[in-house]
Amino acid sequence: MCINATRIVLVPKVETLTTMNDFRHISCCNVMYKYISKVIVNRLKGIFSDVIRPAQIVFVPERQISNAILLTQELMHNYHSISSMTRYAWKIDIMKNFDIVS
């Protein structure tokens, strides 16, 4: 019996397929792998809020992504004001995080 066997299936998102971005990948893991992962996550769940820094918003109960949006808006509001301090901002493309199958 294989403990960690995973099959990756490509599901089309649109009718006319032209690029690899037109597919959504689905990982099909065997039951034993899912069971072991669930046991590990349940054991670690109690310490997640202690281990994960307060700046990390998602994947922690009682923290919401809207808090990160509000914080970003506050930081960027006066970003262009004249100051002697050098500042940088990065815009990250998170298109794949919100990719859906139609």
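**A predicted chain of strands and helices**

Reader: What pattern does the chain follow, read along the sequence?

Author: This is a predicted model. The chain holds 3 helices and 2 strands. Read from start to end of the sequence, they follow the pattern β-β-α-α-α.

Reader: Where in the chain is confidence highest, and what is the mean there?

Author: Over the whole chain the average pLDDT is 76, and 77% of the residues score at least 70. Confidence is lowest in helix H2, residues 48-51, with a mean of 74. At the other end of the range is strand E1, residues 6-12, where confidence is highest, at 86.

Reader: What percentage of the residues in the chain is buried?

Author: A residue counts as buried under 20% relative accessible area. The chain exposes about 9,700 Å², of which carbon and sulfur atoms supply 62%. Among the 102 residues, the buried ones make up 6%.

Reader: Is Lys-13 buried or exposed?

Author: Lys-13 lies in the loop between E1 and E2. Its relative accessible area is 10%, and the limit for a buried residue is under 20%. Lys-13 is therefore buried.

Reader: Which residue offers the backbone oxygen that the side chain of Lys-13 reaches?

Author: Lys-13 is also among the residues in contact with Phe-23. The side chain of Lys-13 comes to 2.8 Å from a backbone oxygen, and that oxygen belongs to Asn-21.

Reader: Why does Phe-23 count as partly exposed?

Author: Phe-23 is in strand E2, residues 23-29. Partly exposed covers the range between under 20% and over 50% relative accessible area. Phe-23 falls in that range because its relative accessibility is 22%.

Reader: Which residues is Phe-23 in contact with, leaving aside its neighbours within four places in sequence?

Author: Val-9 is 14 residues from Phe-23 in sequence, and their C-alpha atoms are 9.4 Å apart. Contact requires heavy atoms within 4.5 Å. With the sequence neighbours set aside, the contacts of Phe-23 are Leu-10, Val-11, Pro-12, Lys-13 and Leu-17.

Reader: Which helix gives the largest share of the nonpolar patch?

Author: The surface patch is formed by Met-32, Tyr-35, Ile-36, Val-39, Ile-40, Leu-44, Ile-47 and Val-51, with about 680 Å² of accessible area together. The largest share is 6 residues, and they come from helix H1, residues 31-44.

Reader: What is the relative accessibility of Leu-44?

Author: Leu-44 is one of the patch residues and has its place in helix H1. Patch residues need over 30% relative accessible area. Leu-44 counts as partly exposed, and its relative accessibility is 35%.

Definitions and conventions:
Residues numbered from 1 in each chain as written. Predicted model: local features only at pLDDT ≥ 70, side-chain atom pairs only at ≥ 80, totals over all residues. Heavy atoms only, no water. Helix = DSSP H or I, 4+ residues; strand = E, 2+ residues; numbered from the N terminus. Buried < 20%, exposed > 50% of the residue type's maximum accessible area, 1.4 Å probe, protein only. Areas by Shrake-Rupley, 256 points an atom, 1.4 Å probe, with all protein chains shown as cover. pLDDT = per-residue confidence, 0-100. Patch = residues over 30% accessible without salt bridge, like charges linked within 9 Å, V, L, I, M, F, W, Y side chains within 5 Å. Salt bridge = Lys/Arg side-chain N within 4 Å of Asp/Glu carboxyl O. Polar contact = N/O pair within 3.5 Å; in protein donor to acceptor, adjacent residues only side chain to side chain.
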